[in-house]
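Me: Please take a close look at one part of this protein for me. I would like to follow how its sheet is put together and what packs on it.

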Amino acid sequence: MKVAFYTLGCKVNQYEAQVLAELFAARGHQVVPASQPADLYVVNSCTVTAAGDQKTRRMLRHLKAQSPGAKVVLTGCYPQAFPQAAGQLAEADLVTGARDRAKLVELAEQCVAGGERLVCLPPHQRGEGFEPMRVHAFSERTRAFVKIQDGCENYCSYCIIPTARGPLRSKAPEDLRRELEGLAAAGYREAVLVGINLSCYGRELGLRLADAVELACGVPGLERVRLGSVEPELLTPQDIARMAAQPKLCGQFHLSLQSGCDATLRRMNRHYDTAEYARIVAAMREQFPGCAITTDVMVGFPGEDEGEFAQSLAFVEKMAFAKVHVFPYSRRPGTRAAVMPGQVPRAEKHRRSARMIALAAQGRAAFLQRQVGLVEPVLFESRLADGLWEGYTANYTPVRAAGAENLQGRLLPVRVTVAGDDWCLGELL
């Protein structure tokens with residue numbers, strides 16, 4: 001049968017969708033683009049926000065209306081976090097969660113062959129292991145994403161992910177090495193290590209994230225290793241020093257902040273304050289000169305008044321981030337923050353969001369301007385409509401350069417000449 005995927009959410013979800021696609025292909029099914037007609041549509045959901053749930057439900061309705069003869073699968077974080085609500089969605093012919101993904105192919109075949117509606121949502125359990133997963137290729141990519149960690153136990157007051165993803169668990173080093181060696185043999189030059197709470201990699205194995213970094217950097221054929229989003233307070237000075245000793249590790253780190261106000265961070269149940277965060281950023285910049293520090297910032301969290309918002313603005317400006325993802329707080333049923341007093345009106349959240357985005361844009365422009373004049377290796381990924389090629393430096397600056405030949409997948413030195421709105425222009429050397 002023909003199978004198409006719609007994937008919402010993070011890089012971990014994208015990795016898992018690729019795993020599922022390979023499993024379907026291994027059973028003789030044809031994986032087709034989502035824009036093409038299919039016999040089976042798999043919606044891999046995200047449940048970070050209530051808006052994400054709404055997007056999932058809209059997609060289910062759209063697919064059922066567009067292809068009434070096809071079967072529709074709902075899988076991922078949303079049904080795992082809200083099994084009762086997801087199980088009642090009539091548009092989904094098969095409902096599974098974020099556990100035992102290898103079984104999804106068999107359940108889908110059963111659903112298509114028998115025609116009956118199936119709901120299979122085993123809950124997470126303490127002590128469950130890391131589900132064996134391996135990807136061999138990614139379509140039209142020069143970077144390979146590799147999931148090395150799952151689960152979260154931080155229980156931030158606004159977040160449902162610990163319910164959706166369960167306890168901490170990590171990919172065994174020998175499995176990670178085999179997967180990375182296979183991707184390097186397939187021609188990938190860069191590997192991005194991702195997880196739900198990446199900083200907790202190896203906790204149950206007696207290992208640290210730095211162990212995974214050292215392993216990945218030691219794989220022949222890989223020229224770059226990059227990290228996904230990390231929780232800052234779990235990076236010790238020893239971890240940072242170990243990682244800095246690896247020349248292949250890219251100097252780009254997404255350290256999730258959420259707020260620049262200590263009182264807000266306490267209500268969020270974040271496990272650091274701004275002073276500790278600033279110390280960690282300073283250590284990263286000292287050990288990785290020229291690195292890019294990017295982050296997430298939430299505005300309008302319950303109880304955030306003008307004074308707290310002003311503190312958050314000031315801290316973000318002080319940190320001089322290379323890029324900031326700004327988003328208004330979204331009330332999430334099932335979390336403590338959803339019933340907290342002091343809920344901020346929607347209009348005020350959007351006003352604060354606009355102010356924070358404007359400040360972040362100034363920081364982004366300053367960061368890009370600092371790249372002008374540098375000579376950096378750029379891993380080229382794609383050709384643009386205007387004939388330029390685009391790729392990324394180690395600190396993840398998007399750089400465009402003219403080239404007559406095919407540059408895809410090539411790592412070449414480029415002198416950065418101009419800073420654009422969200423990218424830089426350069427010349428090949």
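Reply: Here is a walk through the sheet, its helices and the record that covers this part. Keep in mind that the model is predicted.

Start with the sheet. Six strands make it up, and it is open. Read across it and the order is β2-β1-β3-β4-β5-β6. The pairing is parallel. Two strands sit at the edges: β2, residues 30-31, and β6, residues 118-120. Each of these pairs on one side only.

Now zoom in on the β6 edge. Its partner is β5, residues 94-96. The two strands pair in the parallel sense over 3 bridges. One residue pair to find is T96 and C120: C120 in β6 is the bridge partner of T96.

Next come the helices. Helix α1 spans residues 11-26. It lies across β1 (2-7), β2 and β3 (40-45). Its direction is at about 175° to β1. Helix α5 takes up residues 103-114. This helix lies across β3, β4 (71-76), β5 and β6. It runs at about 165° to β5. Strand β3 therefore appears in both lists, under α1 and under α5.

Finally, the record. An unreviewed UniProt entry annotates residues 1-113 as "domain: MTTase N-terminal". In the model, that span is 48% helix and 20% strand. Its end C-alpha atoms lie 11 Å apart.

Notes: Residues are numbered from 1 along each chain as its sequence is written. This is a predicted model: local features need pLDDT of at least 70, side-chain atom pairs count only at pLDDT 80 or more; totals for chains, interfaces and linings use all residues. Side-chain values use heavy atoms; hydrogens and water are left out. UniProt positions are given in the numbering used here, feature names are shortened, and annotations may be inferred rather than shown by experiment. Helices (H or I, at least four residues) and strands (E, at least two) are DSSP runs, numbered from the N terminus. Two strands pair if DSSP finds at least two bridges between them. Contact means heavy atoms within 4.5 Å. Axes are lines fitted to C-alpha atoms, for helices over the stretch in contact, and angles run from 0 to 180 degrees between N-to-C directions.
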